[in-house]
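This report covers a symmetry relation, a helix pair and a few buried residues. Please keep the sequence and the model open while reading.

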Protein chains: 2
Amino acid sequence: MYSKQKQTSAPSLAHSEDNPLSTLAKLLDGDMRAVNTLIIRNMHSDVALIPTLAQYLISAGGKRIRPLLTLAGTALFDGPMHKAYHLAAAVEFIHTATLLHDDVVDESGERRGRQTANLVFGNQASVLVGDFLFSKSFQMMIESGSIEILHILSDAAAIIAQGEVLQLTTTNNIQTDLKSYMKVIESKTAALFSASSEVGAVLSERNNEERSAMRLYGKNIGIAFQIIDDALDYTAEQEKFGKDIGNDFKEGKMTAPVIFALQKANAQETRFWKRTLGEKEQNENDFDQAMTYITKHKTIETTVDLAQRYIENAKAALNPLPNNTFKPIISNLADYILSRNF
Amino acid sequence: MYSKQKQTSAPSLAHSEDNPLSTLAKLLDGDMRAVNTLIIRNMHSDVALIPTLAQYLISAGGKRIRPLLTLAGTALFDGPMHKAYHLAAAVEFIHTATLLHDDVVDESGERRGRQTANLVFGNQASVLVGDFLFSKSFQMMIESGSIEILHILSDAAAIIAQGEVLQLTTTNNIQTDLKSYMKVIESKTAALFSASSEVGAVLSERNNEERSAMRLYGKNIGIAFQIIDDALDYTAEQEKFGKDIGNDFKEGKMTAPVIFALQKANAQETRFWKRTLGEKEQNENDFDQAMTYITKHKTIETTVDLAQRYIENAKAALNPLPNNTFKPIISNLADYILSRNF
């Protein structure tokens, strides 16, 4: 478990800049083990399909960034780590449930480098096991015994669902502007990053300024995380990224790279986006054509610049927080989001 | 709102035996209005598709039996009615979310006498709006401020999801026996009836014997409710029942009428069930043929007898409870479940 002794004995890790996510995972190794134990225990069910399917997704990896934020947020304030375990597991379950339902909704084929659960086990099982994980997340967060924390996390869950529905209504709508896009990602992604970060401060009984700082930090890295995710959908190497490239294009999702391309599009390009995204009429070469326009208008660069702004906000939000081992790592984590290939 | 004054002024209603559900709804009219207001307020979202879809399902009716149980359970113990409103709305939201996901999973076409939401709005919207209602249900139950009640309701939600997955794994499996069937319906249906009934006693700070009595009452009427529902899928008039008849047969769901028919099947009949349910190879006349076997072996009667036993259990469970206006109505409600055409 994380303790002050370990904190001082691992300064080299704390200042390792190349991968603050691994640094955090190492510093909080004992705590993350406790969280993993809870995750595995709460995936259990006499209905064998449930652990089989949940295990399939959870064992495929993912960096557990949300539970790490909950643990790091608690450690930053020297708060009660053991109380954070259930909450860290709960946020991972909310995230996993969302992934399961997302993949059904998106009809995705690949996630974390393997076939999506809905392809392997069917949409029906994915919907229902998602529901199971979602209700287990509530069971776990109730263990915290704090009505305030329950409000934070259940509010986040409701906001996520709204963001997902909003995304559904903006998909294939080429009128979607940056403002709508930002609302979607603030809801579907940043809300859980924000809640995951904030609960550590609440558990540690910190004042409103500090809670608000952690909430803002989480929100801003969450926004940046999703913006980069959306850029990667156009640029990443499939092997590294572990999911289909060009999925957003195929589905007609209105994300930053195409919203910026539409802003700069000439009449011919607008017709192209209208046909491919708005009307979902796509030919084999259309993704390459889309990449040509995206490259021409440098919209990946504009997208990364946008993410950069939120990273700066995230780091600035940390100012009022106590200086200890965790603060620089959490700050570095924000920068790492930008360079993410995870 | 329900008050003692009204309780004594409406004895004729209280003894009306023909429809205890309407009697309850009338006695608790003011309370149900408060619950409906909460339901409508919590369906709201800036994302217009959410209230549109939720409204579509909720306005289609349904008898609100679960919130009525929560209110009646509270009134029976003379408990704090205003505290029960959020919980009553929460159980209705859990139920509605489950219906939305069920219809996606079952690929149903009709519910409550109209097209299912997934047909009108798409599976994607149904999954996500279900998630929204589910998270709103948690937000509402947190309003109760009672960790004990949160445990009861979140446990129920997890059990429901497990029951749904278990049902998925027994579908098209003609080896499914009565024991497995009972486990499915105890989980997917009875758990929420049980929780809805119990929370009234907990809110009213009653002792364990009384809580347990309400829990058992709810569980047993829930089991009977589902058994009758499954019988109706083979016998009801479509117009009255408001959903497709023969759906369970089409999907290969292993419910009491066919489990009993399989127990008595000769070799030819077994081949029939194996082909139609196990292998989902169905011809136009197969439902009529199924009805012939079901009629031959009187399995609807056996199914209703089974439900009857749980109704008797439910009524017996009420024995230790205080005698007041609500007790005979709640008892009559159990009998009414048997005669349900709602």
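In which helix of chain A does Thr170(A) lie? Thr170(A) lies in helix α10 of chain A. Helices are DSSP runs of H or I with at least four residues, numbered from the N terminus.

The model is predicted: local features need pLDDT of at least 70, side-chain atom pairs count only at pLDDT 80 or more, and totals for chains, interfaces and linings use all residues. Residues are numbered from 1 along each chain as its sequence is written, chains are lettered from A and ligands numbered from 1 in the order in which they are written, and side-chain values use heavy atoms, with hydrogens and water left out.

**Buried residues of chain A**

Buried means under 20% relative accessible area, exposed over 50%, and partly exposed in between (1.4 Å probe, protein chains only). Contact means heavy atoms within 4.5 Å. The contacts below leave out residues up to four places away in sequence.

| Residue | Relative accessible area | Contacts |
|---|---|---|
| Leu166(A) | 15%, buried | Ser180(A), Lys183(A), Val184(A), Val47(B) |
| Thr170(A) | 9%, buried | Thr176(A), Val184(A), Met254(A) |
| Thr276(A) | 0%, buried | Phe249(A), Glu281(A), Gln282(A), Asp286(A) |

Leu166(A) sits in helix α10, residues 147-170 of chain A. Its C-alpha atom is 8.5 Å from that of Ser180(A), 14 residues apart along the chain. Thr276(A) belongs to helix α16, residues 267-278 of chain A.

**A helix pair in chain B**

Helix α7 (residues 81-106) and helix α9 (residues 123-142) of chain B have axes that come within 8 Å and cross at roughly 160°. Axes are lines fitted to C-alpha atoms, for helices over the stretch in contact, and angles run from 0 to 180 degrees between N-to-C directions. α7(B) and α9(B) are therefore roughly antiparallel, a term for angles over 145 degrees. Among the contact residues are Phe93(B) and Leu100(B) of α7(B), and Phe134(B) and Met140(B) of α9(B). The contact residues divide into 14 nonpolar, seven polar and two charged. Here Ala, Val, Leu, Ile, Met, Phe, Trp, Tyr, Cys and Pro count as nonpolar, Asp, Glu, Lys and Arg as charged, and the others, Gly among them, as polar.

**How the chains relate**

A turn of 180° and a shift of 0.0 Å along the axis lay chain B on chain A with an RMSD of 0.0 Å. That is the relation of a two-fold axis. The same surface serves both copies, and 100% of the contact residues of chain B recur in chain A. Copies are superposed by least squares on the C-alpha atoms of residues with pLDDT of at least 70 in both.

How values were computed: Helices (H or I, at least four residues) and strands (E, at least two) are DSSP runs, numbered from the N terminus. Angles under 35 degrees count as roughly parallel, over 145 as roughly antiparallel, 65 to 115 as roughly perpendicular and the rest as oblique.
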